[in-house]
Amino acid sequence: DPENVAMRTKLAELCQRENKMEEALDHFEHLATLLERRERTEAQRAELYEKILLHRPLRSTMLKALVKIYHQKGETKKALKWLEGAKAVVAADAELLGIQAKLYASLHQLESARTKFLELADLALANGEENAALLAFAEILFLIPDEEERLRSRIEGIKDGALGEVKNLVELQRHEQEMRTTQSEE
């Protein structure tokens with residue numbers, strides 16, 4: 001029964017014990033797909049994703065799902081561990097790079113966050129996505145306002161008026177943060 005999670009798990013584990021890793025991983029991936037359709041299976045999915053990613057680290061969709069599970073559970077350090085372990089995948093994926101930068105920021109590791117947002121800006125520019133690059137620069141200036149002079153030439157090199165756009169984005173972020181703070185105090 002291909003839809004039976006317990007039986008599929010036993011089959012995958014049996015293949016694993018018999019050193020048939022590729023077959024076991026295929027079964028684990030099928031299990032992960034089954035569990036993605038079911039509610040409240042985050043812990044099971046995280047366990048499966050970890051097993052699979054140890055042997056198939058280039059599964060960016062699976063890595064995103066694992067990182068999101070850990071982030072939602074408040075396990076930021078676990079999420080970062082997986083992102084740091086998949087540097088090549090993360091460096092080429094704007095969504096993963098953005099998640100990593102924001103996770104560093106949430107831990108107040110501002111220099112690490114700055115570095116990742118700069119990588120994100122570079123990736124966006126390499127892909128011809130000027131607005132995404134400006135958003136990444138705005139994230140840096142939101143976190144570290146003193147960076148404006150250091151980044152001025154990079155930002156202005158994107159297009160005329162880019163620094164003004166970035167400053168407006170930062171002000172918008174500050175306003176949104178103030179609104180959230182006010183709402184949480186009420």
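These notes cover two helices, α5 and α8, and one residue of α8.

1. The model is predicted, so local features need pLDDT of at least 70 and side-chain atom pairs count only at pLDDT 80 or more, while totals for chains, interfaces and linings use all residues. Residues are numbered from 1 along each chain as its sequence is written, and side-chain values use heavy atoms, leaving out hydrogens and water.

2. Helix α5 covers residues 76-85, and its buried residues are Thr76, Ala79, Leu80, Trp82 and Leu83. Buried means under 20% relative accessible area, exposed over 50%, and partly exposed in between (1.4 Å probe, protein chains only). Helices are DSSP runs of H or I with at least four residues, numbered from the N terminus.

3. Viewed down the axis of α5, these buried residues fall within an arc of 160°, so they line one face of the helix. The arc is that of the directions from the helix axis to the C-beta atoms. Lys77 and Gly85, on the other side of α5, are exposed.

4. The cover over the buried residues of α5 includes α3, α4, α6 and α7. Contact means heavy atoms within 4.5 Å.

5. Helix α8 (residues 110-126) has 17 residues, which at 1.5 Å a residue should span 24 Å; its end C-alpha atoms are 24 Å apart, which agrees. The expected span is 1.5 Å times one less than the number of residues. Just after α8, Gly128 takes a positive phi of about 75°.

6. Arg114 is found in α8 and is buried, with a relative accessible area of 8%. Leaving aside neighbours within four places in sequence, Arg114 is in contact with Ile140, Ile144, Glu147, Arg150 and Leu151.
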